[in-house]
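Me: I would like to learn how to read a model like this one step by step, starting with its strands and ending with its charged pairs. Could you take me through it?

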Amino acid sequence: MSLSPTLKTNVAAISIFASAGMAAAKFAVGIAIGSLALISEALHSSVDVVATIITWLVVRVSDQPADEEHHYGHGKFESLSALFVIALLYVLAGGILVESWSRLREGAAPPTLSAIPFVVLVIDIAVNFWRARALHRTARQTRSQALAADALHFASDVLGSIAVIIGLVLTGLGYAWGDSAAAIAVAVMISILGLRLGRSTIETLLDRAPAGAWEKAIAAIRSVSGVVGVERLRVRMVGPTHFIDAIAKVPRTYPIDRVEAIKQAAQDAVSKVLGDADLTFTAVPVARDNEGVRERIMVIARNSGLAVHHVTVHDLGEKLIVGIDLEVDGDMELAAAHEVTRVLERNIREDFGEDVEVDTHIEPLEPELPHGTDAAPERVETIKAALARFAGNGAIHDIHNVRVRDTDAGEVVNFHCRAAPSMSVIKVHESVDEIERALRRAFPSIKRVVSHAEPPRA
């Protein structure tokens, strides 16, 4: 799911003002009472302010679409900004540890206690808890690493403030080292935060596949009708988008438009399980185990750009005999047509073996009929009556949807008819052919007859 870029920028902008206000309050109180732990937490919050400003700027860039120089979009700008924030966190943690050790060694005076620091810290905990939850929710919805980093910062602020309260309480109970120990605890939490954030950021920059994404994507593609198998699949994240490269096997008998429909179905399936996904789908045609001899021959002819029909196959056990009707341009010279036939037969032998016997019948390709016009209604009724008469009371009946068109090449007749649902296709074809021949004999001006047989209405 991809949400509006405005959502991310608005959430980041609100966090800037909240971070700055709380950081200033903690720093002022920390200086006033001399608490290293509170000053450390204020500096931690100051880094959060810097990080949030960077986040606010980066999400405005990362949501821009791909362009001529950034073909995968600008999502990795978020990862780079996260690395910069990590560096700031470790510099801060190192400085706090050095100062805390120095105070412990020198025995620095404990801070002056009052109710003010506790009030500030409680308010800070409430504000940071609310912001962490809001940012975390938005980061999950938008898959934003920058917002996820910001959410972790505020969550660590909550723990840091709790550590400072514990340190101040220990100081109030007479343990002078309580404040410095709390500052060390803040530094440790900052370091753990940096480690956690750094791991996910570096994994993204190194194109590590997100956990579970590969399994979900490959299962989604395999579930698409027409996909025989998945040969290879790779997944990587760029910002909130899953970029997936898949090489999938599809039946080689499928036409191009069917393969294109499979590609779109695979994109929809992957987007359903992963949300924002960009799929590059490479289809590899393969022969299925149940592919018959006729299908294989049709594939060979189609790959050669040839039109064949009436493919007959006789398996004599030791020898395979194949008969093919090959359509070529009617104006083509016999020598050229014979060469086309020779190449087709050679390709078939390469696929089935040299011992296969191939007989090819050459016939002229049916030309496209010229532009025509609908015949007069009286002519249509005459043709319809003749069709009904020729059908008689035989297997073919209910002649309907009769259309007659006049062309320069002659009349073209289309009609629908019905036959018993249990009747074989061969028997239907023979019966309809008999009617068509009778119609041509009765009307020599008819150039072509196209019939469509269907079972009776339910």
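Me: What is the strand order of the open sheet of 4 strands, and what kind of pairing does the sheet have?

Reply: In this predicted model, the open sheet of 4 strands follows the order 7-8-9-10, and its pairing is mixed. Strand 7 (373-374) and strand 10 (446-454) are the edges, and because each has a single partner strand, one side of each is left without a neighbour in the sheet.

Me: How many bridges pair strand 8 with strand 9, and in which sense do the two run?

Reply: Strand 8, covering residues 397-407, and strand 9, covering residues 410-418, are paired over 7 bridges in the antiparallel sense. If you wish to follow the pairing residue by residue, begin at Thr407, whose bridge partner in strand 9 is Gly410. As a general idea, side chains in a regular strand alternate between the two faces of the sheet.

Me: Which strands does helix 11 touch where it packs on the sheet?

Reply: Helix 11 (residues 377-391) touches strand 8, strand 9 and strand 10, and its direction makes about 140° with that of strand 8. Helix 12 (residues 425-442), for its part, lies across strand 9 and strand 10 and runs at about 150° to strand 10.

Me: Which residues stand opposite each other in strand 4 and strand 5, and where is the positive phi in their hairpin?

Reply: Strand 4 (residues 307-315) and strand 5 (residues 320-328) run antiparallel and are joined by 7 bridges, with Asp315 standing opposite Leu320 of strand 5. The hairpin has 4 residues between the strands, and in this hairpin Gly317 takes a positive phi near 90°.

Me: How many salt bridges does the structure hold, and what is the general idea behind such a pair?

Reply: Side chains of opposite charge can pair when their charged atoms come close. The structure holds 9 salt bridges, including one in which the side chains of Glu411 and Arg379 meet at 2.7 Å, N to O. That pair links distant parts of the chain, since Glu411 belongs to strand 9 and Arg379 to helix 11, 32 residues apart.

Me: Is Glu411 buried or exposed, and how does Arg379 count?

Reply: Glu411 has a relative accessible area of 7%, and is therefore buried, the cut-off for that term being under 20%. Arg379, at 25% relative accessibility, counts as partly exposed.

Me: Which residue forms a salt bridge with Glu454, and which residues make up the network that includes this pair?

Reply: Glu454 forms a salt bridge with Arg418, and their closest N and O atoms are 3.3 Å apart. Because Glu454 lies in strand 10 and Arg418 in strand 9, the pair ties together parts that are 36 residues apart in sequence. Both Glu454 and Arg418 are buried, and salt bridges with shared partners join Asp398, Arg418 and Glu454 into one network.

Me: Which residues make the nonpolar surface patch of about 640 Å², and where is Leu173 found?

Reply: The patch is made by Trp101, Leu104, Val169, Leu173, Tyr175 and Trp177. Leu173 is found in the loop between helix 5 (145-172) and helix 6 (178-205), and because its relative accessible area is 61%, Leu173 is classed as exposed.

Me: What should I note about the protein chain as a whole?

Reply: The secondary structure comes to 12 helices and 10 strands, and buried residues make up 43% of the 458 residues. The chain exposes about 24500 Å², of which carbon and sulfur atoms supply 59%.

Note on methods:
Residues numbered from 1 in each chain as written. Predicted model: local features only at pLDDT ≥ 70, side-chain atom pairs only at ≥ 80, totals over all residues. Heavy atoms only, no water. Pairing = 2+ DSSP bridges. Contact = heavy atoms within 4.5 Å. Axes fitted to C-alpha atoms, helices over the stretch in contact; angles between N-to-C directions. Patch = residues over 30% accessible without salt bridge, like charges linked within 9 Å, V, L, I, M, F, W, Y side chains within 5 Å. Areas by Shrake-Rupley, 256 points an atom, 1.4 Å probe, with all protein chains shown as cover. Salt bridge = Lys/Arg side-chain N within 4 Å of Asp/Glu carboxyl O. Buried < 20%, exposed > 50% of the residue type's maximum accessible area, 1.4 Å probe, protein only.
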